Amino acid sequence: MSNLVTSARNQFRGKITNIVTGAVNSEVVLEIGADRIVAVITNESVKNLGLAVGGAAYAIIKASWVIVARSGLKTSSRNQLPGTVSSCTNGAVNAEVVVALSGGNAVTAIITNESAKTLGLKNGDAVTALIKASHVIVAVD
């Protein structure tokens with residue numbers, strides 16, 4: 001966990017392994033243990049944050065931006081993080097699903113109770129956490 005204080009449930013410190021610069025946006029790849037997170041941010045943000053391959057940065061993702069899917073689903077999401085459900089807690093409207101990743105990190109998702117019920121989620125189930133690259137906020141110390 002980082003020293004950043006935010007309301008986002010998912011904060012991962014990682015090493016920048018690649019930056020692909022486009023006309024307006026850049027794709028920034030962060031290695032977080034055995035997993036990787038891809039972010040798409042503006043070129044101006046890359047410059048202002050001083051991002052460079054080999055440097056450290058944080059990937060910040062709100063739990064409500066994480067989609068939980070049964071493994072094996074084909075999708076356009078750049079971030080497809082396979083793991084297992086370590087907990088699923090139902091609330092009045094939403095459920096909190098924690099997905100343990102193979103590299104030791106965990107991703108928290110907030111999904112509707114109806115979605116959790118439809119997926120039949122229980123501890124130990126194989127799932128994939130899906131996160132659009134444009135939903136990843138990049139930060140530095």
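Student: Quick one to start: what does Glu96 count as, going by its relative accessibility?

Tutor: Glu96 counts as partly exposed, at 23% relative accessibility. The cut-offs are under 20% relative accessible area for buried, over 50% for exposed, and partly exposed in between, with a 1.4 Å probe and protein chains only. Bear in mind that this is a predicted model: local features need pLDDT of at least 70 and side-chain atom pairs count only at pLDDT 80 or more, while totals for chains, interfaces and linings use all residues. Residues are numbered from 1 along each chain as its sequence is written, and side-chain values use heavy atoms, with hydrogens and water left out.

Student: OK, and where is Glu96 found?

Tutor: Glu96 is in strand 7, residues 94-101. Strands here are DSSP runs of E with at least two residues, helices are runs of H or I with at least four, and both are numbered from the N terminus.

Student: What does Glu96 touch?

Tutor: Leaving aside residues up to four places away in sequence, Glu96 touches Arg9, Ser87, Cys88, Thr89, Thr108, Ala109 and Ile110. A contact means heavy atoms within 4.5 Å. With Arg9, the two side chains make a polar contact at 2.4 Å. That term needs a pair of N or O atoms within 3.5 Å; within protein, one must be able to donate a hydrogen and the other to accept it, and residues adjacent in sequence count only if both atoms are side-chain atoms.

Student: Which strand order does the sheet with strand 7 have?

Tutor: That open sheet of five strands has the order 5-9-6-7-8, with antiparallel pairing. Two strands pair if DSSP finds at least two bridges between them. Strand 5 and strand 8 (106-112) are at the edges with a single partner strand each, so one side of each has no neighbour in the sheet. Neighbouring strands are turned by 45° against each other on average, direction ignored. The axes behind that angle are lines fitted to C-alpha atoms, for helices over the stretch in contact, and angles run from 0 to 180 degrees between N-to-C directions.

Student: How many bridges join strand 7 to strand 8?

Tutor: Seven, and the two strands run antiparallel. Ala95 stands opposite Ile111 in strand 8, and the C-alpha atoms of Glu96 and Ile111 are 6.6 Å apart.

Student: Switching topic. What order does the sheet with strand 10 have?

Tutor: It's an open sheet of five strands, 3-2-1-4-10, paired antiparallel. At its edges stand strand 3 and strand 10, each with a single partner strand, so each leaves one side without a neighbour in the sheet. Strand 4 (residues 56-61) is joined to strand 10 by three bridges, with Tyr58 opposite Ala139. At the other end of the order, strand 2 (residues 25-32) and strand 3 (residues 35-42) pair over eight bridges. Those two form a hairpin with two residues between them, and Gly33 in the turn has a positive phi of about 70°.

Student: Now charges. How many salt bridges does the structure hold?

Tutor: Five. Here a salt bridge is a side-chain nitrogen of Lys or Arg within 4 Å of a carboxyl oxygen of Asp or Glu. One of them joins Arg13 and Asp141, with the closest N and O atoms 3.7 Å apart. Arg13 lies in strand 1 (residues 10-21) and Asp141 in the segment after strand 10 (137-139), so the pair ties together parts 128 residues apart in sequence.

Student: Are those two buried or exposed?

Tutor: Both Arg13 and Asp141 are exposed.

Student: What does Glu27 form a salt bridge with?

Tutor: Arg78, with the closest N and O atoms at 2.2 Å. Glu27 is in strand 2 and Arg78 in the loop between strand 5 (67-70) and strand 6 (79-90), so this pair ties parts that are 51 residues apart in sequence. Glu27 counts as buried at 19% relative accessibility, whereas Arg78 is partly exposed at 36%.

Student: And which residues do shared salt-bridge partners join into one network?

Tutor: Asp125 and Arg70 meet in a salt bridge at 3.3 Å, N to O. Asp125 is buried at 10% relative accessibility, and Arg70 is partly exposed at 33%. Shared partners join Arg70, Lys122 and Asp125 into one network.

Student: Last thing: what is the radius of gyration of the chain?

Tutor: The chain has two helices and 10 strands. Its radius of gyration is 15 Å, close to the 14 Å that the globule rule gives for 141 residues, so it is as compact as a globular protein of that length. The radius is taken over C-alpha atoms, and the rule is 2.2 Å times the number of residues to the power 0.38.
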